[in-house]
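Me: I'd like a close look at a single part of this structure. Please tell me about any cavity in it and the residues around that space, then work outward from there.

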Amino acid sequence: SSAGLGDLALLGGWTCNYEETEILDYVDLTITGGLMVPTSKKKNENKVFSLPTGNNKHIGFPLSFNVSIGLFEWITLGTHIAGTFFVDKRDVYRMHTAHDQQGMIALAQGNAKFHRGALWDVGGYIKADHIIKGLSLLCGYSYTHKNHDVLYPFDAVLFPSGIVNQDEQHYSWHMQVLHFMIGYDFTRTQDHIGPRIDLFYNL
């Protein structure tokens, strides 16, 4: 088992709420960007199953774009687009030296420049807000994609780039998630403080 802090994200942004429309209730737009500081624990190359608690000391630049639209005073449509881009890092890495080598164990190690693939996230949702008194429902979908990592070894004879980058640990991956929420707002008009209960299920 292992525990540790993740990377620290410093974000800033701009948001706009537009309500001067006859058809829509409102349009909300939020754009954020910032810096991801590598405060997390890095992978120990001398331990087979060591895993970083963040982005393995890569500096990142997260950007996101969010839009939500209100309709009929009870429907909300929203979308989210985000990407995180990483700075290349030079370090000592364990790399494979033959086509038949796969898995987490690599005996040889050498200096290389590591290009960490960008991380993308796209999603959308529809929410029915207070449809029956305090009852609200939400259904959403998100798609996450991680681009292929690429290693550029300094010793191209011992570590041929074509072999090194066939390591499945550096392959791209993706994930699709369906999001469901049911919630109830117990707050009354005259209340300053009111409880709200939301139940989430992500498939």
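Reply: In this predicted model, the largest cavity is lined by K42, K43, E45, N56, K89, D91, V92 and Y93. A cavity here is a set of points on a 1 Å grid over the protein atoms alone where a 1.4 Å probe fits but cannot get out, and a lining residue has an atom within 4 Å of such a point. The space inside comes to about 30 Å³, where volume means the space filled by probe spheres set on the points, with grid points joined across faces, edges and corners. The structure holds one cavity of 30 Å³ or more. Five residues of the lining are charged, two are nonpolar and one is polar. In that sorting, Asp, Glu, Lys and Arg are charged; Ala, Val, Leu, Ile, Met, Phe, Trp, Tyr, Cys and Pro are nonpolar; the others, Gly among them, are polar.

A word on how to read the values. Because this is a predicted model, local features need pLDDT of at least 70 and side-chain atom pairs count only at pLDDT 80 or more, while totals for chains, interfaces and linings use all residues. Residues are numbered from 1 along each chain as its sequence is written, and side-chain values use heavy atoms, with hydrogens and water left out.

Now to the strand beside the cavity. K89, D91, V92 and Y93 of the lining fall within strand 5 (89–94). Strands (E, at least two residues) and helices (H or I, at least four) are DSSP runs numbered from the N terminus, and two strands pair if DSSP finds at least two bridges between them. Three strands make up an open antiparallel sheet in the order 5-6-9. Its edges are strand 5 and strand 9 (150–153), each pairing on one side only. Neighbouring strands in this sheet are turned by 45 degrees against each other on average, direction ignored; the axes are lines fitted to C-alpha atoms, and angles run from 0 to 180 degrees between N-to-C directions. Strand 5 joins strand 6 (residues 109–115) through six antiparallel bridges, and R94 stands opposite Q109 there.

The charges come next. Side chains of opposite charge can pair when their charged atoms come close. The structure holds five salt bridges, a salt bridge being a side-chain nitrogen of Lys or Arg within 4 Å of a carboxyl oxygen of Asp or Glu. One of them ties D91 to K89, with the closest N and O atoms 3.2 Å apart. K89 is buried at 13% relative accessibility, whereas D91 is partly exposed at 22%; buried means under 20% relative accessible area, exposed over 50%, and partly exposed in between (1.4 Å probe, protein chains only).

Away from the cavity, D185 pairs with R196 at 4.0 Å between the closest N and O atoms. That contact links distant parts of the chain, from D185 in strand 10 (residues 173–185) to R196 in strand 11, 11 residues apart. D185 is buried at 17% relative accessible area, while R196 is partly exposed at 35%. R196 also meets the side chain of D198 in a salt bridge (3.3 Å, N to O), and D198 is partly exposed at 31%. Back at the cavity, salt bridges with shared partners gather K42, K89 and D91 into one network.

Strands 10 and 11 bring us to the other sheet. Eight strands build this open antiparallel sheet, in the order 1-2-3-4-7-8-10-11. Strand 1 (8–18) and strand 11 (196–202) are at its edges with a single partner each, so one side of each has no neighbour in the sheet. From one strand to the next, the twist averages 15 degrees.

Within that sheet, strand 3 (residues 60–71) and strand 4 run antiparallel and share 12 bridges, with F61 partnered by F85. The two strands form a hairpin with three residues between them, and F72 in the turn has a positive phi of about 55 degrees. Strand 4 (residues 75–86) is also joined to strand 7 (residues 119–132) by 10 antiparallel bridges. There A82 is partnered by D121, and G83 stands opposite W120.

Note on methods: 1 Å grid on protein atoms, 1.4 Å probe; cavity = no way out; pocket = protein on both sides within 12 Å on 5 of 7 lines; lining within 4 Å.
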